[in-house]
Structure formats: structure tokens, C-alpha cells
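Biologist: Could you take me through this structure step by step? I would like to start with how far it can be trusted.

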Amino acid sequence: MLKRYFFLFFSLLIIICFTSNVNSQTANPQAVFVIPNAYSGTAGTTTFTGPTGNTPRTYQMLISANQLTSLVGTHITALSLRNFTTATSSWPASDVNVSNYDIYLAPGVAPSERRLTFDSNIVGTKTQVRAGSLLIPANSFPFGGSPNAFGTPPINFNTSYLYTGGHLIVEIRQSGFTGTSRANDAIGTSISGYGTEFSSLWTGSYAGTAGIQGNFCVLQLTNSPVPTGISTLTGTPTEFRLSQNYPNPFNPVTKIEYAIPFESKVTLTVFDLLGREAANLVNNN
């Protein structure tokens, strides 16, 4: 299953970028969804520092399937947090570099069944979607809104996560940094929805195994639809090949053929004529 055709259903002249065995951090944001859903345009009720604290933290967020219905059948490619509402400045004042910022996604228990041991909340396979250092550019978390805009750029995943339904765990493990912490917009533990639609726990360690209850940071997830119109040809190719799409120009359909001689990490990206990313067709093994 190494030779595939892609059928694109939009009208563009295209430039195609293909890489193999590369952990790409580029994602094509097709849509963004705020968790909890009710806080998309409403500020949270409190703050929480964990994901952007300058000391090591493990922070686990449990999200009910009821909050994720629009994401079923899509790839989750990034997450974002936002400055707390009463902040009087953007954050950080200068670039921050976190030496280790790891993110895991996994099927989970319902928020009402949360335990204080991190792995006890996971049902099935825990997938590491991001690893390595994280650069947070100066002033990337704006202030002055109610709520504030989410931080940009988002924290992109190295590997997208196909969400097929059910309760979801988002676990962030970060090693701290030199600089000033900043609290994120969050929902308090006594607010309606906490413990039923969402819940969380944390500990002050990069490699924590158990924690205590914590506020739930308002979270924005970026997703990208699973490519459609994909067919697989039989036979194993003997070389790397990316063929010219046909027809080109096209309206409304074109076909892209690529082949790789062995299983590998593949990124296949389409750009428009201005160099803007139009679609991320493949970003996985």
C-alpha cells in the first residue's frame, strides 16, 4: 500500500512538496474548536499556569466525547492556549525556549471517572504527538480581549492524531524554562461542567506519575479533514517518485500520484501560487 492516487476537489494551480522520513511540524489548519465549547467566545472563570509555567509540570486534561463531536473522523494537528482575561500585557516579554515540551493524546475515561494516577485515566493506546523543544515567540499570547485571542503560532504536533470518537486525554509534559511564567485562561473546579464534560490533574514534575486536581485550561484544537478520494495500487515501487499532477491546470479535479519503496513518514502538501498552504493531504506513516 505504498502507491497512491489523490483526487483534489478544489480549483487551484498547485505546487507539491513531498518529504520522506521527516518529522514535519507544519499543519494545515482547516478548522479550530474550543474546549469547553461554551467558552469559545466567553472568558474562563479563573487561571491556571501549568502548560506555561517556568518549572516542570505534567498536566493531564480529560475531555468528554460530548465536547468533541465536530472532530470525529479528522486529524488533530495542533493545540493553543490563551492569556488570562485580566492580563495587562502580552506574554512572553521575550522569546521563551522550553527544552522539552511533550504532548500525548489517548482515549480516556469519562471526566467523572478521573483518577489521580495519570496512566489510570488512559484507555487504549497513548500516542506521543509532539516531542522536543518549544520556542514561544515574544508577545505571542495577546491581551486586551474578553476573552483574549489564542496564542499564535499554535503548538503544532509532529504527528497528527486521528480522532475516531470517545473521551479524549490531552497530556502535556514540559520541563520548564528560564523566564517568567504566565497563567492561562481556565475553568475552576467548582464551575458547572467540571467533572462531567471536562476535568484535569497536574503535578510539579516533568515525569510525574500521579497528581492532584487542577483547573481546566481553555483549549483550542486544530483539525484537518482526512483526505478523501484515495485509491491504492498493488505492487511495491522500487524508487521514490512524485509525478506531475494531471490535469494541470484543473477544474475541479486533479490526480496526484506518488510512490515510495518502503514504509516511511510522508508529508504531502499542496500550496497555492502565492506560496500559501492550501491542503495537507498526508502527514503520517
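Modeller: The following conversation covers confidence, the core, the strands and a few individual residues.

Biologist: What kind of model is this, and what is its average pLDDT?

Modeller: This is a predicted model. The chain averages a pLDDT of 85, and 79% of the residues score at least 70.

Biologist: Where does pLDDT stay under 50?

Modeller: That is the case over residues 7-29. The model has 91 contacts beyond four places in sequence for residues 7-29.

Biologist: Let us turn to the interior. How many residues are in the largest nonpolar core?

Modeller: The largest nonpolar core has 40 residues. Those with the most contacts inside it are Ile 76, Ile 103, Leu 105 and Leu 219. Strand 11, residues 155-163, supplies the largest share of this core, with four residues. Apart from that core lies another one of nine residues, including Ile 256 and Leu 268.

Biologist: Why would nonpolar residues gather like that?

Modeller: In soluble globular proteins, nonpolar side chains tend to be buried together.

Biologist: Which residues does Ile 103 touch, leaving aside its neighbours within four places in sequence?

Modeller: Ile 103 is in contact with several residues beyond four places in sequence, among them Leu 79, Val 129, Ile 155 and Phe 157. Glu 171 is also one of the contacts of Ile 103.

Biologist: Glu 171 is a charged residue to come back to, then. Is it buried or exposed?

Modeller: Glu 171 counts as buried because its relative accessibility is 0%, and the cut-off for buried is under 20%.

Biologist: Which residues form salt bridges with Glu 171?

Modeller: Lys 126 forms one, with the closest N and O atoms 2.8 Å apart. This pair links distant parts of the chain. Lys 126 lies in the loop between strand 8 and strand 9, whereas Glu 171 is in strand 12, 45 residues apart from Lys 126. Arg 173 also meets Glu 171 in a salt bridge, at 2.6 Å from N to O, and both Arg 173 and Glu 171 are buried.

Biologist: How exposed is Lys 126, and what else does it bind in a salt bridge?

Modeller: Lys 126 is partly exposed, with a relative accessible area of 29%. Lys 126 also forms a salt bridge with Asp 119, where the closest N and O atoms are 3.5 Å apart. Asp 119, Lys 126, Glu 171 and Arg 173 are thus linked in a network of salt bridges. The count of salt bridges in the model comes to four.

Biologist: New topic: the sheets. What is the order of strands in the open sheet of three?

Modeller: The order is 4-13-16, and the pairing is antiparallel. Strand 4 (46-48) and strand 16 (216-217) stand at the edges with a single partner strand each, so one side of each is left without a neighbour in the sheet.

Biologist: How many bridges join strand 4 to strand 13?

Modeller: Three bridges join strand 4 to strand 13, which comprises residues 184-187. Thr 47 has Asp 185 in strand 13 as its bridge partner.

Biologist: What surrounds the side chain of Asp 185, and is the residue buried or exposed?

Modeller: Asp 185 counts as buried, at 1% relative accessibility. A polar contact of 2.8 Å joins its side chain to that of Arg 82. The backbone nitrogen of Gly 44 lies 3.0 Å from a polar atom of the Asp 185 side chain. Further contacts of Asp 185 include Phe 84, Pro 147 and Cys 217.

Biologist: What follows strand 13 in the region of Gly 188?

Modeller: Gly 188 lies in the loop between strand 13 and strand 14. Gly 188 is buried, with a relative accessible area of 9%. The C-alpha atoms of Gly 188 and Asn 215 are separated by 5.0 Å, although these residues are 27 residues apart along the chain. Thr 45 and Tyr 194 are among the other contacts of Gly 188.

Biologist: And how many residues of strand 14 are buried?

Modeller: Five of the six residues of strand 14 (residues 198-203) are buried, so this strand is largely enclosed by the rest of the structure.

Biologist: Which strands pair with strand 14?

Modeller: Strand 5 is joined to strand 14 by six bridges, running antiparallel, and Thr 58 stands opposite Thr 203. Strand 15 also pairs with strand 14 in the antiparallel sense, over two bridges, with Leu 201 opposite Gln 213.

Methods
Residues numbered from 1 in each chain as written. Predicted model: local features only at pLDDT ≥ 70, side-chain atom pairs only at ≥ 80, totals over all residues. Heavy atoms only, no water. Core = buried A, V, L, I, M, F, W, Y, C linked by side-chain atoms within 4.5 Å. Buried < 20%, exposed > 50% of the residue type's maximum accessible area, 1.4 Å probe, protein only. Contact = heavy atoms within 4.5 Å. Pairing = 2+ DSSP bridges. pLDDT = per-residue confidence, 0-100. Polar contact = N/O pair within 3.5 Å; in protein donor to acceptor, adjacent residues only side chain to side chain. Salt bridge = Lys/Arg side-chain N within 4 Å of Asp/Glu carboxyl O.
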